[in-house]
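Trainee: I should like to work through this structure with you, one question at a time. May we begin with the terms that the later answers depend on?

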Amino acid sequence: MSKFQITDIKGVIPATMAFFDEKENIDEACTRDMTEFMIGAGVNGFYLTGSTGECFTMTPEERNRVVDIVIDQVKGRVPVIVHVGDIGTRKSIGLAEHAEAAGADAISSVPPFYWKFSKEDIYHYYKDIAASTSLPMIVYNIQLAGIMDKDLILKIAEIDHVKGLKYTARSHDEMGSLKEILGKDFMIYSGCDEMAFSGLCFGADGLIGSFYNVIPEIYEKIYQCVQNSDIPGGIRLQRIADEFIFACLQYDFPSCVHNLMRWRGLEGGYSRRPFYNYKDEELAGLKINLRQIREKYQAEDLEIFHF
Ligand code: MN9
């Protein structure tokens with residue numbers, strides 16, 4: 001039984017990257033080391049095998065293995081959410097059952113994608129998966145998988161076990177209003193790393209995203225700024241994070257993040273094809289850009305620029 005309630009799952013939660021070796025196999029040692037790095041940096045939980053975790057390039061067995069490795073490494077220190085999304089309900093249920101048996105604290109899923117499923121189909125997808133375990137389900141609303149409208153989200157939120165929403169869309173008003181309607185125990189996680197600070201100000205309980213893998217420290221500081229009502233401090237840090245992210249998004253993502261991790265002295269792992277793995281020299285321009293950002297904001301003290 002999980003020792004964490006859904007309301008304990010908050011703060012900065014990396015949507016953990018995949019850590020493959022150069023031959024595209026799961027790199028267990030690297031996965032364990034990176035889990036420790038993130039815990040050391042103060043993250044408040046993990047979100048496993050999501051899109052940043054390259055789950056759609058993996059077999060169900062591989063996804064389950066990543067879940068087993070990370071849960072074993074975390075040892076209950078922070079909550080673990082497992083993304084079980086797929087385009088087949090039965091496949092997702094299999095992943096959800098494994099997540100529960102492995103000791104996950106919550107499951108999450110994008111809506112079924114690729115075909116244009118009806119609202120009814122999407123509703124039943126969530127209902128069937130949510131009923132398959134006793135874990136709380138966090139619905140994942142994301143542009144790439146086809147954004148769900150507010151009415152559909154509210155309808156899905158009524159399903160038993162549906163207790164949270166990862167909201168990756170650039171609409172503060174909708175996210176804030178969903179929080180207001182669904183109440184304090186229904187957890188909302190802001191999914192755009194670019195709007196972490198404003199998302200928290202607009203009612204999000206936590207942050208789940210990709211860049212918390214590589215620059216978790218700045219987001220821990222942003223989270224603290226919100227707790228302490230330090231608005232100027234939060235704005236400055238979010239601006240720095242945004243410039244950092246936009247510089248990275250000039251390149252293929254998430255692959256370039258592996259290089260960034262190596263610049264930080266971490267192992268970082270590799271992406272699996274068709275994602276591209278950059279040679280460091282191909283990212284020389286990015287390094288220059290990031291150093292310019294550091295100078296512009298006189299941010300030498302921030303760990304994110306320690307490379
Ligand atoms: O929701 C991530 N979204 C996607 C999570 O991967 C599409 C975000 O963390 C973004 O990667 C990030 C950069 O745009 O905000």
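Mentor: A residue counts as buried under 20% relative accessible area and as exposed over 50%, with partly exposed in between. Please keep in mind that this is a predicted model.

Trainee: Is K75 buried or exposed?

Mentor: K75 lies in the loop between α2 and β3 (80–83). Its relative accessibility is 60%, and the cut-off for the upper class is over 50%. K75 therefore counts as exposed.

Trainee: What is the phi of K75?

Mentor: K75 is not a glycine. Its phi is nevertheless positive, at about 50°.

Trainee: Where does S229 lie, and what is its phi?

Mentor: S229 lies in the loop between α8 and α9 and, at 58% relative accessibility, counts as exposed. S229 is a residue other than glycine with a positive phi, near 55°.

Trainee: Which residue caps the N-terminal end of α9?

Mentor: The cap is recognised by a side-chain oxygen that lies 2.9 Å from the backbone nitrogen of G233. The residue that supplies this oxygen is D230.

Trainee: How far does helix α9 reach from its first C-alpha to its last?

Mentor: Helix α9 covers residues 231–248, which is 18 residues. At 1.5 Å a residue the expected span is 26 Å, and the helix comes close to that value. From first C-alpha to last, α9 reaches 26 Å.

Trainee: Which helices do the buried residues of α9 pack against?

Mentor: The buried residues of α9 include G233, L237, I240, A241, F244 and I245. An α-helix has 3.6 residues a turn, so residues three or four places apart point the same way. The partners of the buried residues of α9 are α7 (196–201), α8 (216–227), α10 (255–263) and α11 (284–296).

Trainee: How are α2 and α3 oriented to one another, roughly parallel or oblique?

Mentor: Two packed helices are described by the angle between their axes and the distance between the axes. For helix α2 (residues 60–74) and helix α3 (residues 89–102), the axes come within 10 Å and cross at roughly 20°. Angles under 35 degrees count as roughly parallel. That makes α2, relative to α3, roughly parallel.

Trainee: Which residues of α3 make the contact with α2?

Mentor: The crossing of the two helices, α2 and α3, is right-handed. On the α2 side, the contact is made by P60, R63, N64, V67, D68 and I71. On the α3 side, it is made by L95, H98 and A102.

Trainee: How are α1 and α2 oriented, oblique or roughly parallel?

Mentor: The axes of helix α1 (residues 28–40) and α2 are 10 Å apart, and the helices pack at an angle of about 45°. Because an angle under 35 degrees is needed for roughly parallel, and 65 to 115 for roughly perpendicular, this value falls in neither class. α1 is accordingly, with respect to α2, oblique.

Trainee: Which residues of α2 meet α1?

Mentor: The crossing of α1 and α2 is right-handed. From α1, the residues involved are E28, T31, R32, T35, E36 and I39. They meet, in α2, R65, I69, V70, D72, Q73 and V74.

Trainee: Which backbone oxygens does the side chain of R63 reach?

Mentor: R63 has its place in helix α2 and counts as buried at 2% relative accessibility. Apart from neighbours within four places in sequence, its contacts include T49, F56, H83, G85 and L95. Its side chain reaches one backbone oxygen at 3.3 Å, that of H83, and another at 3.0 Å, that of G85.

Trainee: Which backbone nitrogen does the side chain of N141 reach?

Mentor: N141 is found in strand β5 (residues 137–142) and is buried, with a relative accessible area of 0%. Apart from neighbours within four places in sequence, N141 is in contact with residues including I147, M148 and Y167. At 2.7 Å, its side chain reaches the backbone nitrogen of M148.

Trainee: Which residue is joined to P254 by a cis peptide bond?

Mentor: P254 is found in the loop between α9 and α10. Omega of the bond is about 10°, and the residue joined to P254 is F253.

Key:
Residues numbered from 1 in each chain as written. Predicted model: local features only at pLDDT ≥ 70, side-chain atom pairs only at ≥ 80, totals over all residues. Heavy atoms only, no water. Helix = DSSP H or I, 4+ residues; strand = E, 2+ residues; numbered from the N terminus. Expected span 1.5 Å × (residues − 1). Buried < 20%, exposed > 50% of the residue type's maximum accessible area, 1.4 Å probe, protein only. Contact = heavy atoms within 4.5 Å. Polar contact = N/O pair within 3.5 Å; in protein donor to acceptor, adjacent residues only side chain to side chain. Axes fitted to C-alpha atoms, helices over the stretch in contact; angles between N-to-C directions. Parallel < 35°, antiparallel > 145°, perpendicular 65-115°, else oblique. Left-handed = near helix turned anticlockwise from the far one by under 90°.
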